[in-house]
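Here is a short, friendly tour of one structure, to read with the model open beside you. We start at a single side chain and then move to a strand.

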Amino acid sequence: MHATGTQAISEAVADVLKYVPSQVAVVAAAKMRTVEEVAAAIRAGIEIIGHNYVQEAERMLTTFGKQAKWHFIGRLQKNKAKKAAVLFDVIETIDSMRIAEALNRHCLAMHKTMPVLVEVNSGKEESKSGVFPEQLDALVREISILPNLCVQGLMTMGPRFGNPEEARPYFRATKEAFDRLADANIPGVEMRTLSMGMSNSYKVAIEEGANLIRIGSKIFGERQQRL
Ligand SMILES: *Cc1c(COP(=O)(O)O)cnc(C)c1O
């Protein structure tokens, strides 16, 4: 990538960081980006990189190591759970007991406790991952019993509408669930992270209580393919 590209990335990061209140952390969603692009984002002040693919993340991690925290934000497959347990600092997309148990097993073997977020399918879209809202509390309680996972919050995509205002009710409902679970004081559960909002919706998400936002195209430019 040439200098103008990395320049645009540092300006975009500066814009986002200037807007975002200090209690809100920014994940740069780095799927399909190059090492140079991710390096530019880190130089500009990004501290957390989000990855959708375990393999892709592995390559980046060899380059950047401890310069950033690594969040898994994709659909976790059981056969990638072991590698994910090794590579990532947080898994944001736990949505079933099946995948939670697989991850727990690998973390146990590594003597690691993995912070996880439970992904909510707040728009109840069949095509999307995430647990349906009515099954959320039961799933959080089940995961809380697994010794090597620590539930630290919720994540939601929300429906991807053109108008970010249309995501607001889903963000609001997810915040309500977050508060309810925090008040429930479930042993082993620390409700501290609410991950919602992307490039087009992060301002609305912050208004509705997000303290972690995941930004891809606004930092790195449009992707070739929509994911
Ligand atoms: C790609 C992605 C994002 C960022 O999307 P943009 O619209 O490019 O900001 C956020 N969250 C997840 C889970 C993603 O896969």
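## A histidine and its neighbours

A polar contact is a pair of N or O atoms within 3.5 Å; within protein, one must be able to donate a hydrogen and the other to accept it, and residues adjacent in sequence count only if both atoms are side-chain atoms. One such contact, of 2.7 Å, links the side chains of His71 and Glu92.

This is a predicted model, in which local features need pLDDT of at least 70 and side-chain atom pairs count only at pLDDT 80 or more, while totals for chains, interfaces and linings use all residues. Residues are numbered from 1 along each chain as its sequence is written, and side-chain values use heavy atoms, leaving out hydrogens and water.

His71 lies in strand β3 (residues 69-72); strands here are DSSP E runs of at least two residues, and helices are H or I runs of at least four, numbered from the N terminus. With 7% relative accessibility, His71 is buried (under 20% relative accessible area, with a 1.4 Å probe and protein chains only). Leaving aside residues up to four places away in sequence, its contacts (heavy atoms within 4.5 Å) include Val27, Phe88 and Leu212.

## An enclosed strand

Why is β5 (residues 114-120) largely enclosed by the rest of the structure? Because seven of its seven residues are buried. Met114, Val116, Val118 and Val120 are on one side, with Pro115, Leu117 and Glu119 on the other.

β5 pairs in the parallel sense with β4 (residues 90-94) over two bridges, and with β6 (residues 149-156) over seven; pairing takes at least two DSSP bridges. Met114 has Leu149 of β6 as its bridge partner.

Key
Buried < 20%, exposed > 50% of the residue type's maximum accessible area, 1.4 Å probe, protein only.
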